[in-house]
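Hi there,

Here is the structure I promised to pass on. Have a look at it first, and then read on for what turned up in it.

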Amino acid sequence: MPNPSFHVQISMNQLFRLKRHEGLRGKTMRLEKTAKGNVILLKVSGSITFSDTATLKSALHRIAREGKNKIVVDVGEMDSLNSRALSIFLSAYRGLDEGTIAFANANPHVAQVFHTSKLDDVFPLFKSVDEAVSSLEVG
């Protein structure tokens, strides 16, 4: 009979994230797209896992194919952000025809990811969706 026990090795950083987000288990990524004037609002909630990145990539490319080049991503209900998701946002940004992607409502963890990766130099971060939309409508 096989031994049902197994050994799992995780880093302290992974353990911290697990402890910090243990109440958030089961919150899968959810996307909601709406238009606010000439700006597209993409609300991302839950956790973007590596298996969700294809959906995120598809949504961003669909927006670009529609000819929309001003996107605000509302991350107020997003639990975490991984490197693959950042890569997808960066790729989408590069694919926009003279457009931009801005982020709104970033929690401290998500804002720190942008700051640490220096992507806050590429993507403007705003405290609210209204502030982000107003900024993109003018620009």
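At the start of helix H5, a side-chain oxygen of Ser128 comes to within 3.0 Å of the backbone nitrogen of Glu131. Please keep in mind that this is a predicted model, and that goes for everything below.

While you are looking at H5, which spans residues 129-138, turn it so that you can see how its residues are distributed. Val129, Ala132, Val133 and Leu136 are buried. Looking down the axis of H5, you will find these buried residues within an arc of 95°, so they line one face of the helix. The face turned away from that buried side carries Asp130 and Val138, which are exposed. And what covers the buried residues of H5? The cover includes the strands S1 (30-36), S2 (39-47), S3 (70-80), S4 and S5.

Ser134 is another residue of H5, and it counts as partly exposed at 41% relative accessibility. Its C-alpha atom is separated by 9.9 Å from that of Gly37, although the two residues are 97 apart along the chain.

Gly37 brings us to the strands. It belongs to the hairpin of S1 and S2, which has two residues between the strands, and it takes a positive phi near 65° there. S1 and S2 run antiparallel and are joined by seven bridges; to pick out one spot, Leu31 has Val44 in S2 as its bridge partner. S2 also pairs with S3, this time in the parallel sense, over seven bridges. There you can find Gly46 opposite Met78 of S3. How enclosed is S2 by the rest of the structure? Eight of its nine residues are buried, so S2 is largely enclosed.

Next, the aromatic residues. The structure holds five aromatic pairs. One of them is formed by Tyr93 and Phe123, which meet edge-to-face, with 5.7 Å from centre to centre and 75° between the planes. Tyr93 lies in helix H3 (residues 83-95), while Phe123 is in the loop between helix H4 (108-116) and strand S5 (125-126), so this pair ties together parts that are 30 residues apart in sequence. The two partners differ in how much of them can be reached from outside: Tyr93 is partly exposed at 28% relative accessibility, whereas Phe123 is buried at 0%.

Phe123 also pairs with Phe103. Their ring centres are 5.2 Å apart and their planes stand at 80°, so this pair is edge-to-face as well. Phe103 comes from strand S4 (residues 100-104) and Phe123 from the loop between H4 and S5, so here the parts tied together are 20 residues apart in sequence. Phe103 is buried too, with a relative accessibility of 1%. If you would like to see the whole group at once, select Phe89, Tyr93, Phe103, Phe114 and Phe123, which form one aromatic cluster.

Two loop residues on either side of S4 are worth a click. Glu98, in the loop between H3 and S4, has a phi near 50°, which is a positive value in a residue other than glycine. Glu98 counts as exposed, at 77% relative accessibility. Asn105 sits in the loop between S4 and H4 and also has a positive phi, about 65°, although it is not a glycine. With a relative accessible area of 27%, Asn105 is partly exposed.

Finally, the chain as a whole. Its secondary structure comes to five helices and five strands, and along the sequence they follow the pattern α-β-β-α-β-α-β-α-β-α. Of the 139 residues in the chain, 38% are buried. If you take the contacts between residues at least 6 apart in sequence, 70% of them join residues at least 24 apart. The chain exposes about 8,700 Å², and carbon and sulfur atoms supply 52% of that area.

Happy browsing, and do write back with any questions.

Best wishes

Conventions
Residues numbered from 1 in each chain as written. Heavy atoms only, no water. Phe/Tyr/Trp six-rings, centres within 6.5 Å; stacked < 30°, edge-to-face > 60°. Helix = DSSP H or I, 4+ residues; strand = E, 2+ residues; numbered from the N terminus. Buried < 20%, exposed > 50% of the residue type's maximum accessible area, 1.4 Å probe, protein only. Arc of directions from axis to C-beta. Contact = heavy atoms within 4.5 Å. Polar contact = N/O pair within 3.5 Å; in protein donor to acceptor, adjacent residues only side chain to side chain. Areas by Shrake-Rupley, 256 points an atom, 1.4 Å probe, with all protein chains shown as cover. Pairing = 2+ DSSP bridges.
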